[in-house]
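Reader: Hi, I have a structure open and could use some help reading it. Can we go through it together?
Author: Sure, put it up and ask away.

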Amino acid sequence: MNAVGIDVSKGKSMVAIMRPFGEIVSTPFEIKHTSSDINSLVKLIKSIEGESRIVMEHTGRYYEVLAHQLSEANLFVSAINPKLIKDFDNDSLRKVKTDKADSVKIARYALDKWQNLKQYSVMDELRNQLKTMNRQFGFYMKHKTAMKNNLIGLIDQTYPNANTYFNSPTRSDGSQKWVDFVSTYWHVDCIRKMSLNAFVEHYQNWCKRKKYAFNKSKAEEIYTKTKELVPVFPKNEITKHIIRQAIDQLNSTSVTVETIRTLMNETASKLPEYSIVMQFKGIGPQLMAEIGDVTRFTHKGALTAFAGVDPGVNESGSYAQKSVPTSKRGSSNLRKTLFQVMDVLIKTMPQDDPVYQFMDRKRTQGKPYYVYMTAGANKFLRIYYGRVKEYLSVLPDPS
């Protein structure tokens, strides 16, 4: 058995090859992420007698080139969480941190965990794409929120509180009713210059053109409120340009967000657990992206530890601390997604959902907000793990 440890970095990697009992097959050497260097590495590994397994850390996006190319060459490749490598075999007081030392450490990890290594697959690539889209989704959502707040700040100078007139959700094309409304009626004088009947007719035509539901009483309510408003900016071309520019930026980002959302759902639907996962309340592809392949976790506690929502333990002798903060050592992105799921459950209050029942009971007991939200996330992950793993276990082998 030959363990190939690869310490990956941007554009290049350090490779070490070892056999059991510390036998060095190849001292650490550097390769660049070019086709010629990768092909040379493939030839070297295949020329070594015995089974070879390649292990690398899934650090950022740098490892994907090697993982893909080596898998394509029919070699066994396993991408490991960097935290597991970091905590492995730390039995020395002397701290050594070099690429060569790291590649040797990864090779030793491969030998020690030989039977438990999981092979990198095309499905892993799909999950990586989903995770990348989710990170992009989060990036553009932050921009959308900032641009929405910017537009509201500007509108408050020309048409105060116009953003509160409608609560319609964002459409699949990225449009939203209140944004379309202020695009047309960007200043209070756009409405106040008209009579009530003229505005109602104009608003009805606008609803028809934009394909929104028309409500006469709503139009009359808007007109009545508008008559009492006091703008700060005058109704002129400069003000109009500022408002329209902010609207265009928000709409553009909103379209991007909805496009990514649709693509994420299409990508997630190709994963084997999609049908069972979507039966959970408040769940979307974002959670699937951050959890990844649930079968790589050996037990429920491993998943809650990965999320960093597992309760800590502080015991010594006869002392045992009763309330210990969660570890928060896992994926911060997964914790954020779980928090959003718990927030949906709290707001929608599904009475038949066991996680909501659990959180509501904790809330009734007087537990602080973050305590019952975190406890709910922990319980949710345990249920998620059980249901999804059981579902996957009865699926036919794709091979």
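Reader: Leaving aside its neighbours within four places in sequence, which residues is Pro285 in contact with?
Author: This is a predicted model, so keep that in mind throughout. Not counting neighbours within four places in sequence, Pro285 is in contact with Leu130, Met264, Asn265 and Ala268.

Reader: How far apart are the C-alpha atoms of Pro285 and Leu130?
Author: They are separated by 8.0 Å. Along the chain, Pro285 and Leu130 are 155 residues apart.

Reader: And which helix is Pro285 found in?
Author: Pro285 is in α12, which covers residues 285–291.

Reader: Is Pro285 buried or exposed?
Author: Buried. Its relative accessible area is 10%, and the cut-off for buried is under 20%.

Reader: Let's zoom out. How many helices and strands does the protein have?
Author: There are 16 helices and seven strands.

Reader: Is the protein compact or spread out?
Author: More spread out than a compact globule. The radius of gyration is 28 Å, and the globule rule gives 21 Å for 399 residues, so the protein is well over that value.

Reader: What does the C-alpha trace span along its principal axes?
Author: About 90 × 60 × 45 Å.

Reader: What percentage of the residues count as buried?
Author: Of the 399 residues, 41% do.

Reader: And how much area does the protein expose?
Author: About 22100 Å². Carbon and sulfur atoms supply 51% of that area.

Reader: What about contacts between residues that are far apart in sequence, at least 24?
Author: Take the contacts between residues at least 6 apart in sequence. Of those, 66% join residues at least 24 apart.

Reader: New topic, charges. How many positive and negative side chains are there?
Author: The protein has 58 positive and 40 negative side chains. The centres of the two sets lie 5 Å apart.

Reader: How many disulfides does the structure hold?
Author: Zero.

Reader: Remind me, what is a disulfide?
Author: A covalent bond between the sulfur atoms of two cysteines.

Reader: Why is there no bond for the sulfur of Cys190?
Author: The closest cysteine sulfur is in Cys207, and that is 16 Å away, so it is too far for a bond. From the other side, the closest cysteine sulfur to Cys207 is in Cys190, also at 16 Å.

Reader: Are Cys190 and Cys207 buried or exposed?
Author: Cys190 is buried, with a relative accessible area of 9%. Cys207 is buried too, at 1% relative accessibility.

Reader: Back to the backbone. What is phi of Lys211?
Author: It is near 65°. That is a positive value in a residue other than glycine.

Reader: Where does Lys211 lie?
Author: In the loop between α8 (196–210) and α9 (216–227). Lys211 is exposed, with a relative accessible area of 70%.

Reader: And what is phi of Met349?
Author: Near 50°, a positive value in another residue that is not glycine. Met349 lies in the loop between α14 (332–348) and α15 (354–364). At 43% relative accessibility, Met349 counts as partly exposed.

Reader: Now Lys281. Where is its place?
Author: Lys281 sits in the loop between α11 (274–277) and α12. Lys281 is partly exposed, at 36% relative accessible area.

Reader: Leaving aside its neighbours within four places, what is Lys281 in contact with?
Author: Val341, Leu345, Pro350, Asp352 and Asp353.

Reader: How far is Lys281 from Glu201, C-alpha to C-alpha?
Author: The separation is 42 Å. The two are 80 residues apart along the chain.

Reader: Which loop does Arg329 lie in?
Author: The loop between β7 (319–320) and α14. Arg329 counts as exposed, at 60% relative accessibility. Outside its neighbours within four places in sequence, Arg329 is in contact with Lys83, Asp87, Gly308 and Arg335.

Reader: Last one. What is the place of Ser275?
Author: Ser275 is in helix α11, and is partly exposed with a relative accessible area of 36%. Ser275 and Tyr391 are 116 residues apart in sequence. In space, their C-alpha atoms are 9.6 Å apart.

Terms used: Residues numbered from 1 in each chain as written. Heavy atoms only, no water. Helix = DSSP H or I, 4+ residues; strand = E, 2+ residues; numbered from the N terminus. Rg over C-alpha atoms; globule rule 2.2 N^0.38 Å. Buried < 20%, exposed > 50% of the residue type's maximum accessible area, 1.4 Å probe, protein only. Contact = heavy atoms within 4.5 Å. Areas by Shrake-Rupley, 256 points an atom, 1.4 Å probe, with all protein chains shown as cover. Lys, Arg positive; Asp, Glu negative; His and termini not counted. Charge placed at Lys NZ, Arg CZ, Asp CG, Glu CD. Disulfide = S-S within 2.5 Å.
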